[in-house]
Each structure stands twice: as C-alpha cells, then as structure tokens.
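Me: I'm new to this structure and would like a close look at one part of it. Could you walk me through it in a friendly way?

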Amino acid sequence: MRIHYDNRALRTQYNVHKNMQVVEEIISKSPEETFAIGKALGLKAKRGDVFALVGDLGTGKTIFAKGIACGLGIDDEITSPTFTLLEVYDGNIPLFHFDLYRINDPRELDNLYFEEFWEGDGISIIEWAERAKARLPQHTVYIYFEHLHDTTRRIRIEYPSD
Ligand SMILES: Nc1ncnc2c1ncn2[C@@H]1O[C@H](COP(=O)(O)OP(=O)(O)O)[C@@H](O)[C@H]1O
Ligand SMILES: [Mg+2]
C-alpha cells in the first residue's frame with residue numbers, strides 16, 4: 001500500500017528545550033499524517049533506539065509504528081502484535097515491535113528478556129510502554145498520543161537529554 005502524505009504534517013507546532021531535552025508537539029489531522037511523522041523518525045533511527053508509545057486505544061500508536069517501520073525500509077505488513085506481545089521484523093536493522101496492552105502486572109514482564117532487545121543491534125517500538133516504564137532505558141524516546149477529535153491527534157515527542 002502506498003500512502004501519500006502532505007509534508008505539512010512534519011511542521012513542528014512547538015519545539016522547546018527544557019533542561020536540554022527536546023520536546024516536539026505536532027497536531028496530526030489524519031492517519032496519513034501520523035504515519036508520516038513516524039516515518040520521519042524511522043528515517044533517522046539508529047541501532048539500539050527505543051521508541052515508547054503511550055496513549056489510549058485508537059490514538060494512532062500502531063499507525064505511527066507502521067510509519068517508523070516504513071522509514072526503516074521494512075516492507076512487511078506491520079500488524080498489531082496485541083495477541084503476541086512481540087513481533088520481530090527483518091530489515092537492514094531488525095525491528096522489535098512490542099504491545100504491552102495485555103500486561104496487567106509488571107512482573108509479567110520478567111519472563112521477557114526485555115533489556116536484551118535494546119542492548120542488541122535492533123530498534124524497539126513499545127506500545128503501551130507505560131506498563132514497562134521502570135524497565136526502559138535512559139535513552140528511550142517517549143511519544144505521547146492524545147485523541148482530540150475524530151481525525152485529530154496530538155503527538156508529543158520527548159527526546160532524551162544527552
Ligand atoms: N490523525 C490520526 N492519526 C492516527 N489515527 C487516526 C487519526 N485520525 C483517525 N485515526 C484512526 O484512529 C485509529 C488508530 O488506530 P491505531 O493506530 O491502531 O491505534 P492504537 O494502536 O493507538 O490503538 C485508526 O482507525 C485510524 O484510522
Ligand atoms: Mg495498537
């Protein structure tokens with residue numbers, strides 16, 4: 001599937017530096033814009049990067065994950081791993097796509113050798129990342145999704161301070 005998008009999606013509505021931390025806030029007006037914002041991030045991604053996606057059901061986390069995968073050059077169809085916890089995709093850089101929706105107790109993550117994924121050479125995307133917050137590395141990029149109206153979403157990207 002080929003998605004056309006409008007470059008204005010990449011316009012940053014606000015960009016602040018708080019204690020050297022860069023925060024970007026963008027209003028997406030369509031699923032295609034959300035995909036494009038993810039894609040832009042995927043194009044810049046490097047091995048070991050961790051993207052934590054936080055937001056309610058239907059706010060665009062999976063569409064954004066698909067955008068990141070597209071930016072990484074992965075052309076497999078990305079599905080929501082809701083029932084599997086983790087899907088692995090092969091690309092130039094491997095992609096680990098987690099969905100922690102079904103995790104109710106952080107101890108359930110103990111069997112998942114979480115840390116090995118970001119100590120390796122792939123890129124991790126974690127939906128419902130707040131369910132694993134204590135386990136996420138310092139260099140995690142947090143992306144918050146908020147439902148504003150039918151087709152508008154607020155996307156806030158918080159890059160780690162270095
Ligand atoms: N601006 C937007 N960005 C992302 N999704 C949107 C937007 N407007 C409407 N939608 C719809 O919201 C839903 C988001 O689905 P999905 O990405 O699976 O969400 P999540 O993974 O957060 O549960 C899709 O049905 C999509 O078409
Ligand atoms: Mg999802």
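Me: Here is the part I'd like to begin with: which residue follows α2, and what is its phi? From there, please show me α2 itself and its surroundings.

Reply: Happy to! Please keep in mind that this is a predicted model. The residue that follows α2 is Gly73, and its phi is positive, near 85°.

Now for the helix and its setting. The protein chain has 3 helices and 8 strands, and along the sequence they come in the order β-β-α-β-α-β-β-α-β-β-β. Of the chain's 162 residues, 35% count as buried. Within α2, 10 of the 11 residues are buried, so this helix is largely enclosed by the rest of the structure. Those buried residues are Lys61, Thr62, Ile63, Phe64, Ala65, Lys66, Gly67, Ile68, Ala69 and Gly71. What do they pack against? Their partners are two kinds of element: the helix α1, and the strands β3, β4, β5, β6 and β7.

Ile68 is a good residue to zoom in on. Setting aside neighbours within four places in sequence, Ile68 is in contact with Gly38, Leu41, Gly42, Ala45, Phe51 and Ile125. Ile68 also belongs to the largest nonpolar core, which has 32 residues. Along with Ala52, Leu53, Ile125 and Ile143, Ile68 is among those with the most contacts inside that core. The elements that each supply at least two of its residues are α1 (31–44), β3 (50–54), α2 (61–71), β5 (95–99), α3 (114–119), β6 (123–127) and β7 (141–149).

Let's follow one of those contacts, Phe51, which lies in strand β3. Phe51 counts as buried because it has 24 C-beta neighbours inside 10 Å, where 20 or more are needed. Beyond the four places on either side of it in sequence, Phe51 is in contact with Ile68, Ser124, Ile125, Val141 and Ile143. Phe51 and Tyr142 are 91 residues apart in sequence, yet their C-alpha atoms are 6.0 Å apart in space. Links between distant parts of the sequence show up in the chain's totals too: among contacts between residues at least 6 apart, 67% join residues at least 24 apart.

Next comes α1, one of the elements that α2 packs against. Its 14 residues should span 20 Å at 1.5 Å a residue, and its end C-alpha atoms are 21 Å apart, which agrees. In α1, the buried residues are Glu33, Thr34, Phe35, Ala36, Ile37, Gly38, Lys39, Leu41 and Gly42. They pack against β2 (21–28), α2 and β8.

The strands β4 and β5 are also on the list of partners of α2. Strand β4 (residues 86–89) runs antiparallel to β5, and 4 bridges join them. One of the pairings is Tyr89 with Leu95 in β5. Together, β4 and β5 form a hairpin with 5 residues between them.

Finally, α2 also takes part in the surroundings of ligand 1. Of the 19 residues around this ligand, Thr34, Gly60, Lys61, Thr62 and Ile63 come nearest. The elements giving two or more residues to this shell are α1, α2 and β8 (152–158). By kind, the shell divides into 3 nonpolar, 11 polar and 5 charged residues. Lys61, Thr62 and Ile63 thus appear in two places on our tour: they are buried residues of α2, and they are among those nearest to ligand 1.

Conventions: Residues numbered from 1 in each chain as written. Chains lettered and ligands numbered in written order. Predicted model: local features only at pLDDT ≥ 70, side-chain atom pairs only at ≥ 80, totals over all residues. Core = buried A, V, L, I, M, F, W, Y, C linked by C-beta atoms within 7 Å. Buried ≥ 20, exposed ≤ 12 C-beta atoms within 10 Å, placed from the backbone. Contact = placed C-beta atoms within 7 Å. Near = placed C-beta within 6 Å. Nonpolar A, V, L, I, M, F, W, Y, C, P; charged D, E, K, R; others polar. Pairing = 2+ DSSP bridges. Expected span 1.5 Å × (residues − 1).
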